[in-house]
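Welcome! Let us take a walk through a protein model together, starting from one small spot and working outwards.

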There are 2 protein chains.
Amino acid sequence: MSKNFNFTLLSNDFNARAGILNTKHGLIETPIFMPVGTLATVKAMGLKDLDEIGATIILSNTYHLMLRPGIEVIKKFRGVRNFMNWEKPLLTDSGGFQIMSLSKLTKVNDSGVEFKSHLDGSKYFLSPEKSTQVQNFLDSTISMQLDECVPYPIEKKKALNSSILSLEWAKRSRSSFKHKIGYGQFGIVQGSLFPDLREFSAKELIKIDFEGYAVGGLAVGENQSQMFHTIDLTTKFLPKQKPRYLMGVGKPDDILGAIKRGIDMFDCVLPTRSGRNGQAFTSFGPLNIKNSKHSQDKKPLDILCNCYTCKTYSRAYLHHLFRCKEILGAYLMTKHNLYFYLNLLRSARNSIIKKNFVKFEENFLKKYYSYKDGI
Amino acid sequence: MSKNFNFTLLSNDFNARAGILNTKHGLIETPIFMPVGTLATVKAMGLKDLDEIGATIILSNTYHLMLRPGIEVIKKFRGVRNFMNWEKPLLTDSGGFQIMSLSKLTKVNDSGVEFKSHLDGSKYFLSPEKSTQVQNFLDSTISMQLDECVPYPIEKKKALNSSILSLEWAKRSRSSFKHKIGYGQFGIVQGSLFPDLREFSAKELIKIDFEGYAVGGLAVGENQSQMFHTIDLTTKFLPKQKPRYLMGVGKPDDILGAIKRGIDMFDCVLPTRSGRNGQAFTSFGPLNIKNSKHSQDKKPLDILCNCYTCKTYSRAYLHHLFRCKEILGAYLMTKHNLYFYLNLLRSARNSIIKKNFVKFEENFLKKYYSYKDGI
């Protein structure tokens, strides 16, 4: 493990864990939600906003940053953190997922992937070595190995072959990782919903000895109980003393269920993307602010929320902003949703420390599932 | 004059004036720039942003607010200030300009104007009485009379007839104005570029005795020297002890020229609209952040500016945000531009108090005109 990149497990409540991740760029209290900053910006949020909502780590995307602003600009600024003036930790994905989902593939072989930009068709090449090197240029506090993501459902044989390819890429990613004090690199467990493939993938990855392990290949179409089951049978093979990151998940209830199963880190576009589209996450369930029932409502989005949006603006005003397609609407809803997520995870963490997580989750879900379109 | 709606002239430097406008909702130091909040939101700006840039009064639009959110919602919130949670003074225009420029007119007669919404074609009626009543519902600190705006150029006879109609509407607006402590209503001088019409309009308006006077019908296609000339020959007929508002103007150099000619108050969409489109106003002239020359530039937009954007972000980062059409770009540029305008007017005010305005303007313009697309 890189020096000074330490994960300390402070407390657990059954399988739920509260910890502290110590990195070059700051401490991260886990469980943690990482706002997604695809293009070196958490959409609609300035640095002050990220401070106000209490973000301690954000995520950005190797694939997108390679295309825009491009590696030359990032190198000139000595990393994406300097480029966007974000001083705290940054996690970057490896680009694998976007190559599969966004770009036009030209060639996949053992050495890597040739692909065309989804923006202008220009050609790029990504290999485990290249992805790791680029993430080093990005000055990522936490780099991810290059992996292959498979769709769901998938035949077992294909899932096995893909898991083997991802493991090969894991080794090559690790070999090319430049160890620096306080920086880390995570391996990614694949294997679709097949228990034996997950076990195989986890055990092989552990031999490579990363600073942390991600559970990949979920939230791709399976239902919640399938996802929970796969998390259960994956985390039991992961070392207790290293952080565990569930990639791309999810709704508030998904996240609590995953925390209960031993996950420490999360990222998802839902709070930001939904916010821009008019959906708020609240203590009383999701709420669509575009619904005309809110047009004269003086209540805040969430009567239990202490965020800037809820302390300052009414549903009627937010409804008006969305009706008029005003930028301020996207900003205020994004800020609320991110605050809601980060606050949910802070509260979950406190409940784990108090050995009260199960009750906490039960109370949360009871309120969360009880109303339609807000209280 | 309504009680406690007082304008105090503190200082003058030739015709340039520094004053304080005391209103129900707070003090306004003049000369002042009023950010435009058409739909009860200064586009992309939250209340914290308006505080940070030092806004002391904003402007909103009767026409737009009648359509969305509509008067019923505004009544329920007892005014647009409560609706948007803005505690400081608000000026609203009368709706006249938008009826002419945006909506489909169905009928103009002595009693008022029938028009169809530019959004959905639904019918509305606006008269001097109705506009004044609506502005009362809006809880506008400063209401504007309903007036007719004429295009440029225009035949003198048409300009005369329109001036006469606007004067008639001024009287009816004034008769229906509900006098409340600390609130005021302004009349609007029209008359296109015709000196005798401007004199006639100004003198007749003064007889009606408003709390302030606006110069309307400029920034409609005439050049800067024509505008300055018309301001000169209008302000000389206006009472020294009342505030003077030049509607819809303008670029930084327009504003300084108008301050020199005795104008106290300004509004314009330029800093907000240009900001969203990628144009920054800087001490060294306008700068188009979309220009690829900025793509690797570590300098702030304006090396002399102390705003949040300039203290935090580089041109390269802002260029990237605009290239990627990120909301944050529109937000940061709007915030810079508004700060730049408000700071320019604060500096102008200080120079008037120090009897140094002419030198101040000269120095500003020398820098402002010296560079192309930023220093």
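A:Ser192 is a buried residue, with 24 other C-beta atoms within 10 Å. Here a residue counts as buried if 20 or more other C-beta atoms lie within 10 Å of its own, as exposed if 12 or fewer do, and as partly exposed in between, with C-beta atoms placed from the backbone. A:Ser192 sits in the loop between strand E11 (184-189) and helix H7 (195-208) of chain A. Helices (H or I, at least four residues) and strands (E, at least two) are DSSP runs, numbered from the N terminus.

Before going on, a word about the model: it is predicted, so local features need pLDDT of at least 70 and side-chain atom pairs count only at pLDDT 80 or more, while totals for chains, interfaces and linings use all residues. Residues are numbered from 1 along each chain as its sequence is written, and chains are lettered from A and ligands numbered from 1 in the order in which they are written.

**Unusual backbone angles**

Most residues other than glycine have a negative phi, and most peptide bonds are trans. The table gathers some places that depart from this pattern.

| Place | Feature | Value |
|---|---|---|
| A:Ser192 | positive phi | near 50° |
| B:Arg78 | positive phi | near 50° |
| A:Arg68 to A:Pro69 | cis peptide bond, omega | about 5° |
| A:Tyr152 to A:Pro153 | cis peptide bond, omega | near -5° |

Is B:Arg78 buried or exposed? B:Arg78 is exposed, with 12 other C-beta atoms within 10 Å, and its place is the loop between helix H3 (71-76) and helix H4 (80-84) of chain B. As for the two prolines, A:Pro69 belongs to helix H2 (residues 62-76) of chain A, whereas A:Pro153 is in the loop between strand E10 (142-144) and helix H6 (156-175) of chain A.

**Strands and a hidden helix**

In chain A, strands E2 (16-23) and E3 (residues 26-30) run antiparallel and are joined by five bridges. Two strands are said to pair if DSSP finds at least two bridges between them. E2(A) and E3(A) make a hairpin with two residues between them, and A:Gly19 stands opposite A:Thr30 in E3(A).

In chain B, strand E5 (residues 58-61) is covered on both faces: B:Ile58 and B:Ser60 are buried on one side, B:Leu59 and B:Asn61 on the other. In a regular strand the side chains alternate between the two faces of the sheet. E5(B) pairs with strand E6 (residues 90-93) of chain B in the parallel sense over four bridges, and B:Ser60 has B:Thr92 of E6(B) opposite.

Helix H10 (residues 252-260) of chain B is largely enclosed by the rest of the structure, because eight of its nine residues are buried. Among them are B:Pro252, B:Asp254 and B:Ala258. After H10(B) comes B:Gly262, with a positive phi near 100°.

**The nonpolar core**

In soluble globular proteins, nonpolar side chains tend to be buried together. A nonpolar core is a set of buried Ala, Val, Leu, Ile, Met, Phe, Trp, Tyr and Cys residues joined through C-beta atoms within 7 Å. The largest one here has 198 residues, and A:Leu246 and B:Leu246 have the most contacts inside it. Which residues does B:Leu246 touch, leaving aside its neighbours within four places in sequence? They are B:Val215, B:Leu218, B:Ile231, B:Ala258, B:Ile263 and B:Phe266. Two residues are in contact if their C-beta atoms, placed from the backbone, lie within 7 Å.

**Two domains in chain A**

The domain assignment, which comes from an automatic or database source, gives chain A domain 1 (6-268) and domain 2 (275-368). Their centres, taken over C-alpha atoms, are 27 Å apart. In chain A, 25 residues of domain 1 are in contact with 23 residues of domain 2. On the domain 1 side, H9(A) gives the largest share, five residues.

**How the two chains meet**

Chain A can be laid on chain B by a turn of 180° and a shift of 0.0 Å along the axis, with an RMSD of 0.0 Å. That is the relation of a two-fold axis. The superposition is by least squares on the C-alpha atoms of residues with pLDDT of at least 70 in both copies. In chain A, A:Ile327 has the C-alpha nearest the axis, 3.7 Å from it.

Across the interface, 31 residues of chain A are in contact with 31 residues of chain B. Elements of chain A that give two or more residues to this side are H2, helix H3 (80-84), helix H12 (315-323) and helix H13 (327-353). The copies meet through the same surface, because 100% of the interface residues of chain A are also interface residues in chain B.
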